[in-house]
Amino acid sequence: MNDDRPLIYKYLRHDKKFPHVWCGGCGIGIMLGSLIRAIDRIGYTKDEVVMVSGIGCSGRLPVYVDFNTLHTTHGRALTFATGVKLAKPDLKVIVIMGDGDATAIGGNHFIHAARRNLDLTAIIVNNNIYGMTGGQYSPTTPFGRRASTAVYGSVEHSFNISQLAVCAGAVFVGRGTVYHVRQLDGLIEKALLKSGFSVVEVISQCHTHFGRLNKLGNQIEMMKWQRDSAVPVEKALKMKPEEMEDKFEVGILVDREAPNYLEQYNKVRQKAKEAAGVPVESKEEEEENERREASDRH
Amino acid sequence: MKISKNPDPGPELLQGNEACAEGALAAGCRFFAGYPITPASEIAEYLSRRLPEMDGTFIQMEDEIASMGAVIGASLAGVKSMTATSGPGFSLMQENLGFACIAEVPSVVVDVMRGGPSTGLPTNPSQGDVMQARWGTHGDHPIIALCPSSVSECFSLTVKAFNFSEKYRTPVILLTDEVVAHMREKVVLPDPGAVEVIDRVKPSVPPEWYLPYEDTSFGVPPMGIFGEGYRYHVTGLVHDIRGFPTLRQDEIEPFLLRLFRKISTHFDDIQLVESFFTEDADLVIVAYGSVARSAHRAMVEARAQGIKVGLLKLITLWPFPRSFVEPLTRANKVLLVPEMNMGQISREVKRVNQGVARVKTLNKIDGTLITPKEILEKIREEKK
């Protein structure tokens, strides 16, 4: 693999004190690498990208990167992002969340953002646990797995984040892992380019808490588990349910078209203007006005 | 292009909530996010029609937490934003209201007060959220809260709320009560050009020099807008002048103290009251919101009966206009504080008073407004 350190370096904030807050071996940094490569390939300028996050390990991500960055309250990142996008549709708004952030405290915002289909990209790092607060069980902690608040094993059933997003109406849903980095690069790029609400679930490891409490080994062992448990969507379709036990699909789970919120709301604006008798400028007139204004300035 | 619902400027019969919505538009508000709640829903309904006419945005969110989040996001992207709610929704907004305080994001929250606690009395008036407006979100923080007592003030104080929020980079709460919000009165709205509108100060230095949370002589740093070249970090964590989280004692306290100072050094501008015959009065009623209307009537009737009564109408509730109350207590006047709660502002009046003058309270929480007669009776009782 090429040395992409110069590329990553280009997008980091150099006036921010490093080292970062993540434990050595955390998957969030790997995901950030994929995200930066995707942004670079697409060619978004730093000024047009807004990176929004909630609270938790993943919530700390935006502070390190040189974009317009917004570190919001726990679970609420999508709501702030909704305001930013509606106010300035030209901005590329990317939302970074964790599993607890997106599907516990922010679960309601998550399903409604998917339903609304506003042009946002949500990247959810799923490490099956609350890392920053010390390893408490999250909505994606598998049944029976241990956490600092479930020392006898969790008795709750876990969410399948990607399926939740599909059912709630997201137009693009992809799942990758921090082990399968090239695939993750591609998934994030496709999600960013998709018009409407797109989701990428990133399976990652929290060896510090989830791994330790469940005796799953270090970060390398946990990444090997990702390698062995991930099944491409196409292959999973041909497998029996019992073969898929303890495994998960990776790839594009859904890629479909649905009316985008902003396109629809622009129609509302047109109708409201017509109803109020406001003269609606046609595209040509608008361009003509712009030309006139430009020549006035000279 | 001027868009006016009423093409002939002149008297209109407007509801308080409608006047509030018109005030927001006049102040330049182009984004509203909200969630249905009685008795504030008319503001959302009104703006859902008016905003798209003006290329603005209305969105109904999944709850009030989301509404406040969207308002902050839109403001950071450079659009003046507002939400409106009532007590239960206001409770849900407290989390992100704190974010707007610490990240210094201009935003306006209208809270139409209804009876509480909890679901309480959705259709009845109350003034039970005065302290929630002050201390509802956790942590030490300053806040501005304004309280209209008429439909006309619903318009003018919404404009004021936006102006304060832009000028001081702070959330501003407009505390109306159900009586004022649902009352219809004749108002003459000013010509849009005649309304004083203040916009936030944006940075003028080159982006590489910009320090988003730098102290200034005014106490308020210029605000960079997302997408305009000033890339910076916005966080709910205590941050340094660059916007980055900090745990340094020599950065934490100066930052938090500046948040207080930017408000406290401008009390003269922010604290609004109206005084009626307080000079020669033996008894001064301190009232706000719809109760100030009843108090005014009671004052007129008391004067007709030869009782020297005055009225201090509080328009700004927070920061509490101490400098207007203190002289009254020093002059040894009896203060009467009628309010539709168990004594939220009277508590503040007593705190200022320090036991110097007599402070009488008139509290009502039965879901009905306080009438002039009730205030008059209290005055007579006092004067016996």
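Two strands count as paired if DSSP finds at least two bridges between them. In this predicted model, strand β2 (residues 68-71) of chain A and β10(B) pair in the parallel sense over three bridges. Within that pairing, Thr69(A) stands opposite His233(B), a residue of β10(B).

The contact between the chains draws 38 residues from chain A and 41 residues from chain B. On the chain B side, the elements in the table give two or more residues each to the surface that touches chain A.

| Element of chain B | Residues |
|---|---|
| β2 | 31-34 |
| α2 | 41-53 |
| β3 | 57-60 |
| α3 | 64-76 |
| α4 | 87-103 |
| β10 | 233-235 |

The largest share of this side, nine residues, comes from α3(B). By residue class, the side of chain B that touches chain A holds 22 nonpolar, eleven polar and eight charged residues.

One of the listed elements, α2(B), also packs against a helix of its own chain. Two packed helices are described by the angle between their axes and the distance between the axes. For helix α1 (residues 16-26) of chain B and α2(B), the angle is about 45 degrees and the axes lie 8 Å apart. That angle makes α1(B) oblique to α2(B), and the crossing is right-handed.

From α1(B), the contact is made by Asn17(B), Glu18(B), Cys20(B), Ala21(B) and Leu25(B). α2(B) supplies Glu42(B), Ile43(B), Tyr46(B), Leu47(B) and Arg50(B). The residues of this helix contact divide into six nonpolar, three charged and one polar.

How values were computed. Residues are numbered from 1 along each chain as its sequence is written. Chains are lettered from A and ligands numbered from 1 in the order in which they are written. This is a predicted model: local features need pLDDT of at least 70, side-chain atom pairs count only at pLDDT 80 or more; totals for chains, interfaces and linings use all residues. Two residues are in contact if their C-beta atoms, placed from the backbone, lie within 7 Å. Helices (H or I, at least four residues) and strands (E, at least two) are DSSP runs, numbered from the N terminus. Ala, Val, Leu, Ile, Met, Phe, Trp, Tyr, Cys and Pro count as nonpolar, Asp, Glu, Lys and Arg as charged, and the others, Gly among them, as polar. Axes are lines fitted to C-alpha atoms, for helices over the stretch in contact, and angles run from 0 to 180 degrees between N-to-C directions. Angles under 35 degrees count as roughly parallel, over 145 as roughly antiparallel, 65 to 115 as roughly perpendicular and the rest as oblique. A crossing is left-handed if the near helix is turned anticlockwise from the far one by less than a right angle, and right-handed if clockwise.
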